[in-house]
Amino acid sequence: LEEGISDKLNLLFRFLFQGLVGLGVSFWYSWDMTLVLMALSPLVGFGTWFMTKATGEAEGLRANAYAKAGGVASETLSELRTVAALGAEHKQAQRYVNNLEDAKKAGVRSAARIGFANGLMFSSG
């Protein structure tokens with residue numbers, strides 16, 4: 001318990017005081033710019049949260065699609081004689097391509113969402 005908390009507690013105090021000192025110095029040098037940037041900070045926070053969420057969801061969707069495609073390939077190769085005897089090579093290839101298309105769609109959607117989140121973060125700060 002002590003070993004797990006001590007490092008995290010140290011980091012908490014470090015980042016807390018680093019943030020407070022940073023705010024103090026920024027108010028000292030340019031209080032008006034500091035207020036403007038503090039007003040925009042929720043937008044940056046939302047962008048960061050949205051990017052984290054979009055990245056996690058997209059990775060899960062892509063992993064599932066690639067797992068399905070890999071399952072189709074593995075199934076086809078392990079039952080190659082049966083697939084060839086039934087003449088289902090093209091059907092199995094189409095199943096594989098469909099699963100790869102799902103992965104591609106997930107990647108494109110993820111890129112758009114991550115681009116939006118990047119725009120939020122970098123345009124506001």
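Which residues are linked with Glu57 in a network of salt bridges? Lys53 and Arg113 are linked with Glu57 in that network. The model is predicted, and the legends below take the whole chain before its close-up views.

**Figure 1. The whole chain is built from four helices and zero strands.** Read along the sequence, the pattern is α-α-α-α. The radius of gyration is 25 Å, well over the 14 Å that the globule rule gives for 125 residues, so the chain is more spread out than a compact globule. Along its principal axes, the C-alpha trace spans about 80 × 40 × 15 Å. Buried residues account for 18% of the 125 residues. The accessible surface comes to about 9400 Å². Carbon and sulfur atoms own 67% of that surface. Take the contacts between residues at least 6 apart in sequence: 73% of them join residues at least 24 apart.

**Figure 2. Glu57 takes part in salt bridges with Lys53 and with Arg113.** In the Glu57 and Lys53 bridge, the closest N and O atoms are 3.3 Å apart. These two residues are four apart in helix α2, so about one helical turn separates them. Glu57 is partly exposed at 35% relative accessibility. Lys53 is also partly exposed, at 35%. The bridge from Arg113 to Glu57 is 2.9 Å, N to O. Here Arg113 lies in helix α4 and Glu57 in helix α2, so the pair ties together parts that are 56 residues apart in sequence. Arg113 has a relative accessible area of 18% and is buried. The cut-off for buried is under 20%.

**Figure 3. Glu59 and Arg62 form a salt bridge within helix α2.** Their side chains meet at 3.3 Å, N to O. The two residues are three apart, about one turn of the helix. Glu59 is partly exposed, with a relative accessible area of 46%. Arg62 is partly exposed too, at 23%. The structure's count of salt bridges comes to four.

**Figure 4. Ring pairs link Phe46, Trp49, Phe50 and Phe116 into a cluster.** The structure holds four aromatic pairs. One of them, formed by Phe46 and Trp49, is tilted, with 5.6 Å centre to centre and 35 degrees between the planes. Both residues lie in helix α2, three apart, about one turn of the helix. Phe46 is partly exposed at 38% relative accessibility. Trp49 is partly exposed as well, at 48%. Phe50 and Phe116 make an edge-to-face pair: 5.8 Å centre to centre, with 85 degrees between the planes. Phe50 belongs to helix α2 and Phe116 to helix α4 (residues 89-124), so this pair ties together parts that are 66 residues apart in sequence. Phe50 is buried at 14% relative accessibility. Phe116 is partly exposed at 47%.

**Figure 5. Asn118 sits in helix α4 and contacts Met51 and Ser123.** Those contacts leave aside neighbours within four places in sequence. Asn118 and Phe50 are 68 residues apart along the chain, yet 9.3 Å separates their C-alpha atoms. Asn118 counts as partly exposed, at 27% relative accessibility.

**Figure 6. Nonpolar side chains make a surface patch of about 1100 Å².** Its residues include Ile5, Leu9, Leu12, Phe13, Leu16 and Phe17. Trp31, Leu35 and Met38 are also among them. Helices α1 (2-29) and α2 (31-78) each supply at least two residues. The largest share, nine residues, comes from α1. Leu16 is found in α1. Leu16 is partly exposed, with a relative accessible area of 44%. Patch residues need over 30%, so Leu16, at 44%, meets that cut-off.

**Figure 7. Thr34 is a buried residue of helix α2.** Its relative accessibility is 6%. Buried means under 20%, so Thr34, at 6%, falls in that class. Leaving aside neighbours within four places in sequence, Thr34 is in contact with Leu23, Ser26 and Phe27. Among these partners, Leu23 and Phe27 also belong to the nonpolar surface patch.

How values were computed: Residues numbered from 1 in each chain as written. Predicted model: local features only at pLDDT ≥ 70, side-chain atom pairs only at ≥ 80, totals over all residues. Heavy atoms only, no water. Patch = residues over 30% accessible without salt bridge, like charges linked within 9 Å, V, L, I, M, F, W, Y side chains within 5 Å. Areas by Shrake-Rupley, 256 points an atom, 1.4 Å probe, with all protein chains shown as cover. Buried < 20%, exposed > 50% of the residue type's maximum accessible area, 1.4 Å probe, protein only. Contact = heavy atoms within 4.5 Å. Phe/Tyr/Trp six-rings, centres within 6.5 Å; stacked < 30°, edge-to-face > 60°. Rg over C-alpha atoms; globule rule 2.2 N^0.38 Å.
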